[in-house]
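Reader: Please take me through this model. I want each label set against its rule.

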Amino acid sequence: MRILFVINALTVGGAQTLLLDLAKYCKEANNEVIVAAFRDGKLSDNLTENGIKSVILGESFFDLIACFRLIRLINDFKPDIVHSHLFRATAWTRFAKVFCLNSFKLITTVHGTETEAYHKIERFMQPLSDFILFPSRFLYEWYSDSIKKLDSDSYKVIYPGTTIDKARAYQPQTHIIIGTLSRLHQIKGIDILLEATKILKEKNLNFELEICGGGKDKEQLEIQTQKLGLENICHFIDDIPQKSSYLEKLSIFAAPSRKEAFGINICEAMERSLPVAATKVGGIPEVIENNVSGILCEQDNPKELADNLEFLIKNEEIRKKLGENGRKKVEKLFNRKKAMEEHIELYKKMINNKKVHFVISSRELGGGERLAINLIKNLQKRGWEVTATCAGNPLYAELLSMNVKCSVASMALGGIVFAVKLFKDLKTFKPKIINSHLNKASLFSGILGKLMGIKCVSHIHGLNKKIYYQFSDRQIAVSKAVKQHMLDQKLNSSSLLCINNCIDKPAVGSRKFPQKPLNISITAKLHSNKGHKWALKAIAEKTSELNIGEIHIFGDGSERNNLENLCNSLVPLKDKVIFHGFVNDPSLYYDNIDIALLPSLGEGIPLSLLEVMRLGIPCIATNVGGIPEIITNNESGILVAPNDKKGLIEAISKLSSQKEEYEFFSLKAFERFKQVNNQEKMIDDFEKVLLELVMGN
């Protein structure tokens, strides 16, 4: 999935802490993640350390410029899920959704109550969010009473919780340290804690108070500390390297909040087995059961808070018992990992209409099959749930290694067995759309799709007959030549489009002329239409005149025995031709290849040529199908007619004997690859077709 998080600022706070953990968890689960914020802050460094990109939108001109930047980011990144946090970020994200080109699901987490003005805006804009999350039952009930009631399938309460580490052994403490960990803001009630501390000091109790955190009220609180005469026992700490280390040195944790949606800091203290004295406001009573896992008091009541703290200071066994109970409750109900898992499951559920079933009537790993694999990998990254039906190994094993739920079906009885199995798979997997590859897969998928009400997109990989594809809702030709071939057969032009084949490998560079006999490769299925036979015969007739070494043949198929027998019968080739069979990644062998040959009698756009062109290997190919769309004759390669033995020998002679010609064609092949291989656009265009049909459903 592609997930975009949007928040007000990358500062320190409960919402930011949750967002950081969510972003890290999603990243570790192999999702693409970006965090966008209107203002930068300390969280930015944490995101960078974890390899997560952050984008600062800015705060100028009433956030309008930031909103335009957000729209551009969404259109460029194309997220499946956008998860907004806090009111400001949510409002602008909802506004951006109206103007964004791509379709995404917007999930909003409500982190707290707001002003009356917020209520009015929220009532109006809430429908733009596809789902609402609340960190506590209290906050949902407030929203339901103050804003609007939500349908049960449009919201959920997910407690943020905290990370569960190994339990610490209880250590008796003679010197008591009361601590708090929060933003220094009026709603956190730190002024009440200071007043309670004054009461405790007047009773001559032996303790210290540590206030950890930053915020706009810090200076005011420091002045209050001086006025109350607490300078000797009250210490302000701006920042701490690790929360757990800070918490473990405390004896008691205080949380005197006036408002609290949940209380992540309270969970963190309970996880470290600390007894907690808190106020019974907001979501805190959902975390603390009074006198069982902590002690609660009314808000703005320094005397009651002081009484509770005094009770804990004087009773070590109670401190220990409350700490143990708090730890158990956090383990049971407030595990941050469980919260992360619930978020991921929700994300998946929100985009579960992105379910596609690939149908491939083959068991091999040729060009068509490798295109399907490439599409599957990229769709998985974009949040699609992919299932498949194929004809066996090695393709089946490759799909399983990609965590694709896949079935194997025999092509026996003219493919009828395959069709029956496909019908069962479609009923089991319930995809929203079918993508078929190769002739019979497309024929069966188109017919079953019509019968079962499932849209079908068929890839056309070669110069094939119209009958196989005419039942599909969309047909994708892998080259202009293939598209024209279908149009010549009167296939419906409104459902046919061209998306050129590409590969997911980078351009590497050009090559120098090798000072040795040149090795030739032919990478293709060993089928009669790939032209191996005529090309090998032509080379055998002129071997003595050519500066060539070995001929490496990569691929397998029905013609292998015939081709091996042919090479054994042709004396000049007997010791030169090496059959490698199927090789998962032929590029691992290409350091030893100097010229790539594809003598095919018919092609869509051969991926094997793209894979050698990116390495700067000069190419010789036939001028059939879509090959001229990637190779311009005498510029980015040399094209010959099928069965043109003379033309083939002249091309091999030119490349194998002339340094300038070899290096020219190497450079041009490399440059042409960079021009024609736009992998990201291919995936974008293909996904757009799928989404159009899914939305049409």
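Reader: What makes this an open sheet, and in which order do the strands come?

Author: This is a predicted model, where local features need pLDDT of at least 70, side-chain atom pairs count only at pLDDT 80 or more, and totals for chains, interfaces and linings use all residues. Residues are numbered from 1 along each chain as its sequence is written, and side-chain values use heavy atoms, with hydrogens and water left out. Here 7 parallel strands run in the order β3-β2-β1-β4-β5-β6-β7. Strands are DSSP runs of E, at least two residues, and helices are runs of H or I, at least four, numbered from the N terminus. Two strands pair if DSSP finds at least two bridges between them. The edges are β3 (53-56) and β7 (155-157), each paired on one side only.

Reader: How do you know that β1 and β2 pair?

Author: 7 bridges join β1 (residues 2-9) to β2 (residues 32-39). The rule asks for at least two, so they pair. Arg2 stands opposite Glu32 in β2.

Reader: Which helix packs on the sheet, and at what angle to β1?

Author: Helix α3 (residues 64-77) does, touching β1, β2 and β3. Contact means heavy atoms within 4.5 Å. The direction of α3 makes about 165 degrees with that of β1. Axes are lines fitted to C-alpha atoms, for helices over the stretch in contact, and angles run from 0 to 180 degrees between N-to-C directions.

Reader: Why is the pair of Phe134 and Tyr155 called edge-to-face?

Author: The ring centres of Phe134 and Tyr155 are 6.3 Å apart and the planes stand at 70 degrees. Rings of Phe, Tyr and Trp (its six-membered ring) pair if their centres lie within 6.5 Å; planes under 30 degrees apart count as stacked, over 60 as edge-to-face and the rest as tilted. Both tests are met, so the pair is edge-to-face. Phe134 lies in β6 (residues 131-134) and Tyr155 in β7, so the pair ties together parts 21 residues apart in sequence.

Reader: Which elements give two or more residues to the lining of the second largest pocket?

Author: They are α15 (367-381), α18 (439-452) and α22 (607-613). The largest share, 4 residues, comes from α15. On a 1 Å grid over the protein atoms alone, a pocket is an open set with protein on both sides within 12 Å along at least five of seven lines, and lining residues have an atom within 4 Å of a point. Among the 43 lining residues, Gly366, Gly367, Glu369, Lys525 and Lys530 are the closest to the centre of this pocket.

Note on methods:
On a 1 Å grid over the protein atoms alone, a cavity is a set of points where a 1.4 Å probe fits but cannot get out, and a pocket is an open set with protein on both sides within 12 Å along at least five of seven lines; lining residues have an atom within 4 Å of a point.
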